[in-house]
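Biologist: I have a new model open on my screen and would like to learn how to read it. Could you walk me through it, one feature at a time?

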Amino acid sequence: SAVRVWDGASSILTSPLLEKFDAHAGSIRSAAFSPDGARITTVGNYALRVWDAGSSDLSTHAEEKINAHSSYIYSVTFSPDGTRIATGGVDGA
């Protein structure tokens, strides 16, 4: 499954695709930028991954990967100050 990043400063219909990378073996359920734009977090299946958004090749630069839930994860977000990441899944954890 791929994550695609576009230039958000212009219209999504005309903006260039800035980056595309394979993030998870299964479906990607959610992705979020950290408040400072330095990291991207993605969730798919049971895993949470954190990526260095400044990398020239995101597909090979996962900073961290954890199996965060015992079932599917559907959402992810950073806290406003970027120090915490919250995930939501269907496992009741």
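Modeller: Happily, and burial is a good place to begin: a residue is buried when its relative accessible area is under 20%, exposed when over 50%, and partly exposed in between, with a 1.4 Å probe and protein chains only. Of the 93 residues in this chain, 32% count as buried. Please keep in mind that this is a predicted model, in which local features need pLDDT of at least 70 and side-chain atom pairs count only at pLDDT 80 or more, while totals for chains, interfaces and linings use all residues. Residues are numbered from 1 along each chain as its sequence is written, and side-chain values use heavy atoms, leaving out hydrogens and water.

Biologist: How many helices and strands does the chain have?

Modeller: Helices (H or I, at least four residues) and strands (E, at least two) are DSSP runs, numbered from the N terminus. Here there are zero helices and eight strands, so the order of elements from the N terminus reads β-β-β-β-β-β-β-β.

Biologist: Which strands does β4 pair with, and in what sense?

Modeller: Two strands pair if DSSP finds at least two bridges between them. Strand β3 (residues 30–33) runs antiparallel to β4, with four bridges joining them. On the other pairing, β4 and strand β5 (residues 47–52) are antiparallel over six bridges. You can check individual partners: S30 is bridged to V43 in β4, T42 stands opposite R49 in β5, and T41 stands opposite V50 in β5.

Biologist: What should I look at in the turns of these hairpins?

Modeller: Try the backbone phi angles. The hairpin of β3 and β4 has five residues between the strands, and G37 there takes a positive phi near 75°. The hairpin of β4 and β5 has two residues between its strands, with N45 in the turn at a positive phi of about 55°.

Biologist: Is β4 mostly covered or mostly open?

Modeller: Strand β4 (residues 39–44) is mostly covered, with five of its six residues buried. Strand β5 is mostly covered as well, again with five of its six residues buried.

Biologist: Which residues make up the largest nonpolar core?

Modeller: In soluble globular proteins, nonpolar side chains tend to be buried together. A nonpolar core is a set of buried Ala, Val, Leu, Ile, Met, Phe, Trp, Tyr and Cys residues joined through side-chain atoms within 4.5 Å. The largest one here has six residues: A32, V43, L48, I73, V76 and F78. Its largest share, three residues, comes from strand β7 (residues 73–78).

Biologist: Why does V76 count as buried?

Modeller: V76, in strand β7, counts as buried because its relative accessibility is 8%. Now look at contacts, meaning heavy atoms within 4.5 Å. Not counting residues up to four places away in sequence, V76 touches S30, A31, A32, T41, V43, L48, I85, A86 and T87. V76 and L48 are 28 residues apart in sequence, with their C-alpha atoms 8.5 Å apart in space. With the same neighbours left out, the contacts of F78 are A32, F33, S34, P35, R39, T41, R84 and I85.

Biologist: And what does S30 touch beyond its neighbours within four places in sequence?

Modeller: S30 lies in strand β3 and is buried, with a relative accessible area of 17%. Leaving aside those neighbours, S30 is in contact with T41, T42, V43, Y74, S75 and V76. For the chain, 33% of contacts between residues at least 6 apart in sequence join residues at least 24 apart.

Biologist: How do I read the outside?

Modeller: Accessible areas come from the Shrake-Rupley method with a 1.4 Å probe; for residues, only the protein chains shown count as cover. The chain exposes about 5,500 Å², and carbon and sulfur atoms supply 49% of it.

Biologist: Which residues make the nonpolar surface patch of about 380 Å²?

Modeller: Patches are made of residues with over 30% relative accessible area and no salt bridge (a side-chain nitrogen of Lys or Arg within 4 Å of a carboxyl oxygen of Asp or Glu); like charges are joined within 9 Å, and nonpolar side chains (Val, Leu, Ile, Met, Phe, Trp, Tyr) within 5 Å. This patch is made by Y46, Y72, Y74 and V90. Y72 lies in the loop between β6 (62–67) and β7, and counts as partly exposed because its relative accessibility is 33%.
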